[in-house]
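Visitor: I would like to go through this model by way of its helix contacts, its cores and a few single residues. Where should we start?

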Amino acid sequence: MKPDRIAVLGAGGFLGSHLVPGLVERFGCAIDAVDVDFDKLECSDRRVRRISARVEEPALVEEVTRGSSVVLSLTALCNPALYSRVPLDVIDASFTHLLPLVRRCAERRVRLIHFSTAEVYGRRALDTDGAPMAEMNEDTSALVLGPIAKQRWSYACAKQLLERVIWAHGEAGLPFTIIRPFNTIGARMDYLPGIDGEGTPRVLACFMGQLLRGEPLQLVDGGEQRRAFMAVEDLVDALCRVVERGSACDRQIINLGNPQNDMTIAELGRALAAEFSRRVPGAPPARFESVPAERFYGPGYEDSSQRVPDVEKARRLLGWKPLQSLSDMLPPIVDDYVKRYSPRIHGPAPGPQTSVA
Ligand code: UGA
């Protein structure tokens with residue numbers, strides 16, 4: 001299936017800025033790129049129309065559900081440092097603000113491809129009887145969130161509730177696919193505090209900021225918790241296949257991630273530091289320090305100990321598999337951060353810190 005027009009909500013974010021050019025290239029169709037900030041969206045293709053609006057605005061909901069054959073919804077505050085600091089904003093962004101859109105898609109039978117999150121699986125992979133599983137499965141894993149006072153789970157809970165709303169509308173005819181992305185990384189991810197944002201970004205940007213500033217990499221509780229990292233390019237490929245294969249993916253929840261790249265956060269830090277020193281001659285050796293989670297994130301934080309996706313359904317429905325290993329991904333990521341931030345940290349003069357090998 002080739003869509004005429006796709007609306008991408010959250011087109012100016014990290015994922016959106018990769019998906020929009022990927023969709024134009026794959027389908028050659030018109031894209032309504034919706035966001036409030038387009039700094040990351042470098043695509044200048046004339047088929048991409050930038051619409052500056054918030055997803056909860058009624059006029060925007062009307063416009064995208066009237067004009068598009070597919071709506072791709074990516075907007076959220078998807079950063080763990082926010083989940084317990086501004087939980088109401090997090091819940092609004094992932095649930096309340098999207099309800100009108102979901103309802104209108106259902107009424108108009110517009111295909112909705114909604115980005116949920118791997119966070120919905122919660123603390124670890126368990127089946128519905130509580131027995132451990134090696135991987136998190138869309139249709140057989142339990143969703144294991146912590147107590148209410150642990151507000152870390154506010155985001156996962158809001159995302160889960162919207163999945164349930166979408167599912168229920170699907171039973172009444174809404175054509176939908178829910179995507180659960182697992183730790184996707186790439187160029188332009190997040191921001192560096194004090195330069196183009198405030199607070200604490202996700203781990204990749206935390207580590208890159210620390211490497212660029214010559215500060216120790218902070219390993220929360222020692223960095224023994226595990227994540228499986230996927231290249232954003234692999235995600236874009238999968239998503240294009242989801243758009244293409246509308247009927248195969250209809251009313252499906254699909255994990256997208258790379259189980260081959262399961263590693264501890266400390267291992268990620270060491271790999272990133274090694275790549276940084278290869279690409280930035282003269283960079284000081286990286287240092288690491290363990291920080292208690294409560295000091296790093298404040299009260300209300302809990303972690304997932306391990307998060308490995310079962311991608312069998314994605315293989316079956318999409319004929320897809322993730323291709324990039326961590327060592328494939330890191331060189332262009334390091335180059336991107338160095339190019340974007342080194343002049344702003346160290347000044348424009350060429351020197352050992354600013355040259356990229
Ligand atoms: C977050 C979001 O909550 C997910 O929805 C999203 O799918 C995911 O990021 C993603 O990147 O795709 P999480 O993996 O917990 O989930 O977030 P990160 O900030 O990337 O943290 C990963 C791990 O690194 C956590 O265990 C965290 O405690 C640790 N960490 C983070 C450090 O050890 N040091 C840091 O400086 C930052």
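Guide: We can start with a pair of helices in what is a predicted model. Phe14, Leu15, His18, Leu19, Gly22, Leu23, Arg26 and Phe27 in H1 meet a set of residues in H8. On the H8 side that set is Val232, Leu235, Val236, Asp237, Leu239, Cys240, Arg241, Val243 and Glu244.

Visitor: How many nonpolar, polar and charged residues are in the contact of H1 with H8?

Guide: The class count treats Asp, Glu, Lys and Arg as charged and Gly as polar. In the contact of H1 with H8, the charged class has four residues and the polar class two. The nonpolar class of this contact has 11.

Visitor: Which orientation class do H1 and H8 fall into?

Guide: H1 covers residues 14-27 and H8 covers residues 232-244; their axes come within 9 Å and cross at roughly 50°. Angles under 35 degrees count as roughly parallel and 65 to 115 as roughly perpendicular, with the range over 145 roughly antiparallel. The crossing of H1 and H8 is right-handed. H1 and H8 are therefore oblique to each other.

Visitor: What is the angle between H7 and H10?

Guide: H10 spans residues 265-279, and its axis is 10 Å from that of H7. Their crossing is right-handed, and the pair is classed as oblique. The packing angle of H7 and H10 is about 40°.

Visitor: Which residues make the contact of H7 with H10, and how many of them are charged?

Guide: From H7 come Val203, Leu204, Phe207, Met208, Leu211 and Leu212, and from H10 come Ile265, Leu268, Gly269, Leu272, Ala273 and Phe276. The contact of H7 with H10 has 11 nonpolar residues and one polar residue. The number of charged residues in this contact is zero, given as "no charged residues".

Visitor: At what angle do the axes of H7 and H13 cross?

Guide: H7 runs over residues 203-213 and H13 over residues 326-346, with axes that come within 10 Å. The crossing of H7 and H13 is right-handed, and the two are oblique to each other. Their axes cross at roughly 50°.

Visitor: How many charged residues does the contact of H7 with H13 have?

Guide: H7 contributes Leu204, Ala205, Met208, Leu212 and Arg213. H13 contributes Ile333, Val334, Tyr337, Val338, Tyr341, Ser342, Ile345 and His346. The contact of H7 with H13 has 10 nonpolar and two polar residues, and its charged residues number one.

Visitor: Which residues have the most contacts inside the largest nonpolar core?

Guide: The largest nonpolar core has 70 residues. A second, separate core has 27 residues, among them Ala7, Ala53, Val61 and Val102. In the largest core, the residues with the most contacts inside it are Leu256 and Tyr337.

Visitor: Which residues is Leu256 in contact with, leaving aside neighbours within four places in sequence?

Guide: Contact here means heavy atoms within 4.5 Å. With neighbours within four places left aside, the contacts of Leu256 include Ala314, Leu318 and Trp320. The others listed for Leu256 are Ile179, Arg180, Pro181, Phe182, Met230, Leu235 and Ala238.

Visitor: Is Arg251 buried, exposed or partly exposed?

Guide: Arg251 is in the loop between H9 (246-249) and E11 (252-256). Phi of Arg251 is near 55°, a positive value in a residue other than glycine. Buried means under 20% relative accessible area and exposed over 50%. At 38% relative accessibility, Arg251 is therefore partly exposed.

Visitor: What is the phi of Asp221?

Guide: Asp221 is placed in the loop between E8 and E9 (226-228). Asp221 is not a glycine, yet its phi is positive, at about 50°.

Visitor: How far apart are the C-alpha atoms of Gln324 and Ala231?

Guide: Gln324 lies in the loop between H12 (312-318) and H13. Its contacts, leaving aside neighbours within four places in sequence, include Ala231, Glu233 and Asp234. Gln324 and Ala231 are 93 residues apart along the chain, and their C-alpha atoms are separated by 6.2 Å.

Technical notes. Residues numbered from 1 in each chain as written. Predicted model: local features only at pLDDT ≥ 70, side-chain atom pairs only at ≥ 80, totals over all residues. Heavy atoms only, no water. Core = buried A, V, L, I, M, F, W, Y, C linked by side-chain atoms within 4.5 Å. Buried < 20%, exposed > 50% of the residue type's maximum accessible area, 1.4 Å probe, protein only. Axes fitted to C-alpha atoms, helices over the stretch in contact; angles between N-to-C directions. Helix = DSSP H or I, 4+ residues; strand = E, 2+ residues; numbered from the N terminus. Left-handed = near helix turned anticlockwise from the far one by under 90°.
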